[in-house]
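I opened a fresh notebook page for this one. Here is what I looked up, in the order I went.

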Amino acid sequence: MTSTVSPEGAWDELTLSEAEYRRAGARYRHRRSARAYLFLLPYVIPFLAFLVVPAFWSIWLSFNQGGILDSAKYVGLANWRSIASDTELTGAIKNTGIYAIEAIALVFTLALVLAMLLNRYRKGSNVFKLALYVPLLAPAVLVGLIWQFLTNFDFGFINLILNALGFSRLNILGSGTLALLTIVLAEVWRGLGFWTLYFLASLQNVPEELLDAARVDGARGLQRFRRVTIPLLRPMLLFAVVIAIIANFQVFDTVYVLTQGGPYESTSTIVWFIWKRLFQFQETGQGYAAAVVLLAIILVLTAISFWILGARRRRRV
Amino acid sequence: MAAQAGVEEPGELSQFSAEYTSAARRSRSIGLGKGVAAYAALTIFALIAVVPFLYLLSPSFRQSYELFSYPPKWIPHSLYLGNFRTILHETSYLRWALNTVVFATSVTAITLVIDTLAGYAFARLRFPGRGALFALVLATLMIPTAVLIAPLYIMISRLPGWTHSGINTFPGMIVPMVCSPLGVFMMRQFISTLPEALVEAARLDGASEWQIFRKIVLPLMKPAIVVLGIFTFMAQWVNFLWPLVITTTNDMKTLTVGVASLQGQFVTNWGVISAAAVMTMGPVIVIFLIFQRWFVQASMAGALKQ
């Protein structure tokens, strides 16, 4: 471009033509996107390789057998037919469902109550928060060991108390329902600290002014809770329920240490079933199919949670 | 009674104030009662949370057969250190501890790096497909680990192009665990709360995106990084299923898997088992008490900003 001295010429030189403008914009946008991709790549590559691809691969695997010690063989629907008639898997699903309902209900109720107490009575609340947090630091394996201790027939704390109160000792881990209940209690005990702190943080997000306004308008405690706190908490409750469902349906560690699925598979959970089939019995076909079943269950439950906790907004105007 | 405010005669006023005082006194004692009940409840649950750990202290310092004596003696007359010696000498406990530290630290370090980078990209950089990609990342939150272990095992044991299997290796253990979507989500949420003006000003001044990231955004992210770091470290410290699957030799097990295997080795030797639990929890509790503020923040961070 030749340089001219007159103002009009200078203006021509500094401004772009229509086409040049569009091309420059595109170049800038491409450079900008390229930079963004550079930032993303370190995460996206492992993400695709170790999360996305395996997820789809596992669906493909459910139509195969073998693969762990040898190469996989395509078997069509054989795995699916085999687990459809497998009562152990349906038992595991049932156990996991019962466990999840009991555990989530119990831990949410306790955590909400404790959170409300901690929210209201702030003095010294730090000590309580710390104490509640400690079980979270323990790997589930330790939690299992601790609860094996507590439920031991001879010297377990629970049986000692029962004895002291005059009842006879219980073989807790030897009874189907009690064993499952132990797993529930162990996991509730472990998770209580986390959920209490979570609900406490949620409650603190409820602005005081709204509650005060409700109080001035004459609303009593329970009414304030139902009409002010709960609606404002709903997004966090939804998040909590979804996370809790996803986590609790995968219960495994405690089962491994405490009961090994027993007695007689009464505490067998879905992940326990999968792990046993894949790595202990080498019945890989069933393991692959069960994994896909687990995935489907979680997706469905998550969708249902979103639907239930989201729909109310539309009904209520 | 309250409706009669605006009264003129002193007589009525003093009657009103008398009733008010007694009502106030009643509500104060109810408040006091509620307070006592509340603190009692909190104390009970705090004890329930902590006592089971204390319950382990006594057996760890005693020989196993003593436990079966009834009624049980809580205070041992002499501290028996044999259980701890057994663990240190006859098991690979120290090796397990080392493995766990290496594993958890590496995963945390890598996760922090890639998650902050990706979080910044999602929050502040514009590119086609940003929304869709982020939605995909969030969607993978729903994928259970159990679904992934089989494909990952196959993948790692038969790495394309390598002759050796990745099972029982540190990289094999570490790398698949660095892509948790939760970290990216947290980082993005946090970065999007940072004022845009700062970044814009720097851009106008001609700083490159990398410079902006390093010099402006990163220093502001320190609290979020600490929180995510603790979160990730604890999650990997506690991880059981993945190390169980990916390690088969005693030398490569992490603490969780190793301590679980003690159950098979020392079946009813409760002294040894509780000693292992004490050894595992002890340092963790100490670290927790030192850095307590960050731990509590890490939990509450999950609730802030959906």
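The entries below go from ground rules to cavity, pocket, helix and loops.

**Ground rules.** I am working with a predicted model, where local features need pLDDT of at least 70, side-chain atom pairs count only at pLDDT 80 or more, and totals for chains, interfaces and linings use all residues. Residues are numbered from 1 along each chain as its sequence is written, chains are lettered from A and ligands numbered from 1 in the order in which they are written, and side-chain values use heavy atoms, with hydrogens and water left out.

**Cavity.** I took a cavity as a set of points, on a 1 Å grid over the protein atoms alone, where a 1.4 Å probe fits but cannot get out; lining residues have an atom within 4 Å of a point. Points are joined across faces, edges and corners, and a volume is the space filled by probe spheres set on them. I found 2 cavities of 30 Å³ or more, and the largest has a volume of about 50 Å³. Both chains line this largest cavity, with A:Pro139, A:Val141 and B:Trp237 among the residues. I noted that α12(B) gives the most, 3 residues; helices here are DSSP runs (H or I, at least four residues), numbered from the N terminus. The lining has 6 nonpolar, 3 polar and no charged residues. For these classes, Ala, Val, Leu, Ile, Met, Phe, Trp, Tyr, Cys and Pro are nonpolar, Asp, Glu, Lys and Arg charged, and the others, Gly among them, polar.

**Pocket.** A pocket is an open set with protein on both sides within 12 Å along at least five of seven lines. The second largest has a volume of about 790 Å³. Of its 21 lining residues, A:Met116, A:Arg120, A:Arg215, A:Gly221 and A:Arg224 lie nearest the centre. I counted 10 nonpolar, 4 polar and 7 charged residues in this lining. Helix α4 of chain A is one of the elements that supply at least two of them.

**Helix α4(A).** I followed residues 87-120: 34 residues reach 49 Å from first C-alpha to last, close to the 50 Å expected (1.5 Å times one less than the number of residues). A:Asp86 caps the N-terminal end, with a side-chain oxygen 2.7 Å from the backbone nitrogen of A:Glu88.

**Loops.** Most residues other than glycine have a negative phi. A:Glu265, between α11 and α12 of chain A, has a positive phi of about 65°. A:Glu265 is partly exposed at 34% relative accessibility (buried is under 20%, exposed over 50%, partly exposed in between, with a 1.4 Å probe and protein chains only). B:Asn168 has phi near 60° and is buried at 19%.

How values were computed. Helices (H or I, at least four residues) and strands (E, at least two) are DSSP runs, numbered from the N terminus. A polar contact is a pair of N or O atoms within 3.5 Å; within protein, one must be able to donate a hydrogen and the other to accept it, and residues adjacent in sequence count only if both atoms are side-chain atoms.
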